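Here's a quick tour of one corner of a protein model, looking at how its helices and strands sit together. Have a look at the structure first, then read on.

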Amino acid sequence: MSNEITNILVVGVGGQGVMTATEILAEAAIALGHDVKKTEVAGMAQRGGVVSSHLRFGPKVLSPQIAPGTADVLLAFEAAEGMRWRHMMRPDALALINTGNLTPPVVELGLFEYPADPIGEMRASGARVYSFDASAIANELGNIRLGNTIMLGAIADHLTFSPEILEECVLKRFARKGEKVIEMNRQAFAAGRAAAAEAAKTQGAAEAVPA
Amino acid sequence: MAAVMPAPAQSRLLMSGNEAVSRAVWESGVKVAAAYPGTPATEMLEVISTYPDLYAEWAVNEKTSLEIAFGAAMAGSRAFCAMKHVGLNVASDALMTLTLTGVAGGLVIAVADDVGLSSSQNEQDSRFWGRFAHVPIMEPADSQEAYEQTKLAFELSERFQTVVILRMTTRICHVKGLVTVGERVPHVAAGFKKEPARWVMVPGAAQKRIPLMFQREADLRAEAEVTPLNFVDAGSDKRVGFVTSGPAYMHIKEAYPDAPVLKLGLSYPAPFEKIRAFAATVEQCVVVEEVEPLLETEIKAQGIKVIGKEILPRQGELAPHVLKPAIGRLLGEEVVEPAKKPVRAAAPLPVFPRPPTMCVACPHLGVYYTLAQLRNITISGDIGCYTLGFGHPWNALDACISMGASMGMALGLDKGRGEADKDKKIVAVIGDSTFMHMGMQGLLDIVYNKGNVTVLLLDNRAVGMTGGQDNPGTGRDIHGNEAPRVDFAAIVKALGVREERVHVVNPYELPTLFKTVREETKIPEPSVIITNQPCVLVDHYHGLKPFTVIDDKCTGCGNCLDTGCPAIHVTKRDSVVKPSGKTVDLAWVRIESSVCTGCGLCVQPCAPDAIVHADKVIQIKALQRH
């Protein structure tokens, strides 16, 4: 991330909380005094369609769009969606991917196939990928809706600023929901950080292939 | 939404373009704001309705919203309306004459073009309306500009006594950026002044207003030459300079930071002398505008040498990665074509498409499941979530163009049928809000002209596609307060549909729905079948106990998949050869019980009764364990 502008691409499926997660990342960047622009195509997002949310921050952001091949970090809430947006990554970018699958009706109907190994295909294309099952972690913590806090935890140690600032912005979101909800999100954030750290340790060797 | 305390002046807020416009509308002392929901413009009125000290409403369509705003402007108040690009087509009848009367209080229309077609039926360029109606067009490039230009638009509107069009695009409406906000300045309404020669547009009066309209346009062109909204960024690299407007400005600054740029915030009427002077300072001058070559054509007609759509696409956004190859080629630079880049770095990996789907337990699922079972029908569709019925697995929508068009198209399909279609049954499908927006007149036409059409009026008590906004059919106003609720059965009867031909059906009761649709399509006169279950995303909806599949009982028939419910997932596939020699594909399923809301649609076509309430299974398993 040598550029002045940091490009973070957050992707997933409508209803997963992609846009909220990007908004929280934006709030953290603003708290640090950055200029920020955030964009997505939201029109039909809640209908289970593809969602990609662009976040750019730095001293002064002009175009809100991340150009293909320039994303510093790809945060994918769903495995095949990570694969779909792989071409947006810089050669040295990092992809943090939830291995959980969401199969759309067109796949259930047998019209298309879900890729057998999305993570493997991304790595084969030269991408550096840390993958972990955020959906399973969310279910273990008792609520699939914790998925986006887990994903934010996962990216927390791969940003240009400290994870504590992001955690603070996440928990601020739930300030009015009571201590129990805040605590669940605190745990989810920590679990996401731990999952990404574990993936970095065990999958670090797989990142050796340069683009 | 209830009014909340607006953020104090000088706050620096992360705002979408829609939110920024809304704040500026409030600060400008606007008294009346109206809109019909439409992506990407919807959030403007949603946000405005949360501000205090103004009147905000959901209008039944864009024409009505503009007429309401115009009425307030005649009364001397400041007024605002917002709409998506195709909405301005609907409102244009009012626009084309209120340009003659002009306004007393400031009147601004924010129109949102869907450049890139994220959620619309076309990609039209609304800036044409400025030329057609001889009214000014302002084009912000980001949220901060959207905020500032909205405030200036009201000043311009009052100074020149004209409606002002604020042209937004999806990439302005839905991009969030930082905005420094200010104070609300109340605006005092002058009061309506009776002035028939101005407000009553009969031919004699209109004739006298036309020269005034042209004079106003000339005055605005002179204003465009001097306004700080049209400014030059001097650049050091004079090989190419850009004349641009809207979000393309940011893309140019990103891609060519050293190039000179003439940025037009007030882009119509265009300041030709400013453009001529700018073009003379650069080696080549390129006009970068989304979508149509409007500025370009006008500039060329002035004898100013510029380049535009010869090298730039006439469709979609002009993002940096679109600009760079085109400008690179113009400069004679070597351009790496995407196809020639190393595969690893650039080529997208092949992944299945993920089109938007209807929601789990959506009341439209049963309707399209039913329509998909019927043979020999042509289905005339409309704008809304139910447009998705054209897709898999239903493939049960044959045409869709514009709001309310399902009615007229259906009548035309009936009256214009060829010999090959003589036994075809014509069905029209329309939602509650679309029916009230522009469908009622079409149904009246069907009745009056004795059309043979079966209308399915899908009343889900919400403007579903845009996020569940209220309308006259929901019983609530924009603030969520109680409002009179329209009676659809009474309306269609009043339009002349015979009482026996009007049915209100629960779309989750498949046998009743199927029987009603099949019988009504056989009867050669207009009939209306109203479905009456709410959108699952609004609070009228109450979920029931979730279902699950008993694995041992599932035979893989796949009937449940034909409902199209996204909670049903295939666990195993196989194919068998029947005694007749026909190969049949089998798909065993499971239901994602955590998202299932127990609508029971999939239970009905399940041949082996393998779908049961989830809690029942848990009980059975528990019993077995003990």
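Let's start with helix α16 (residues 405-415) of chain B, which lies across β14 and β15 (425-431) of chain B and runs at about 175° to β15(B). Bear in mind that this is a predicted model, where local features need pLDDT of at least 70, side-chain atom pairs count only at pLDDT 80 or more, and totals for chains, interfaces and linings use all residues. Residues are numbered from 1 along each chain as its sequence is written, while chains are lettered from A and ligands numbered from 1 in the order in which they are written.

Now the sheet: 5 strands of chain B make an open, parallel sheet in the order β14-β15-β16-β18-β17. Strands pair if DSSP finds at least two bridges between them. From one strand to the next, the twist averages 20°. The edge strands each pair on one side only:

| Edge strand | Residues |
|---|---|
| β14 (chain B) | 377-380 |
| β17 (chain B) | 502-505 |

Further in, β16 (residues 454-458) and β18 (residues 527-531) of chain B pair in the parallel sense over 5 bridges. Thr454(B) stands opposite Ser527(B) in β18(B).

On to a helix pair: α15 (residues 363-373) and α19 (residues 510-522) of chain B pack at about 50°, with their axes 10 Å apart. That angle makes α15(B) oblique to α19(B) (neither under 35 degrees, nor over 145, nor 65 to 115). Residues in contact (C-beta atoms, placed from the backbone, within 7 Å) include Tyr369(B) of α15(B) and Phe514(B) of α19(B).

Technical notes: Axes fitted to C-alpha atoms, helices over the stretch in contact; angles between N-to-C directions. Helix = DSSP H or I, 4+ residues; strand = E, 2+ residues; numbered from the N terminus. Contact = placed C-beta atoms within 7 Å.
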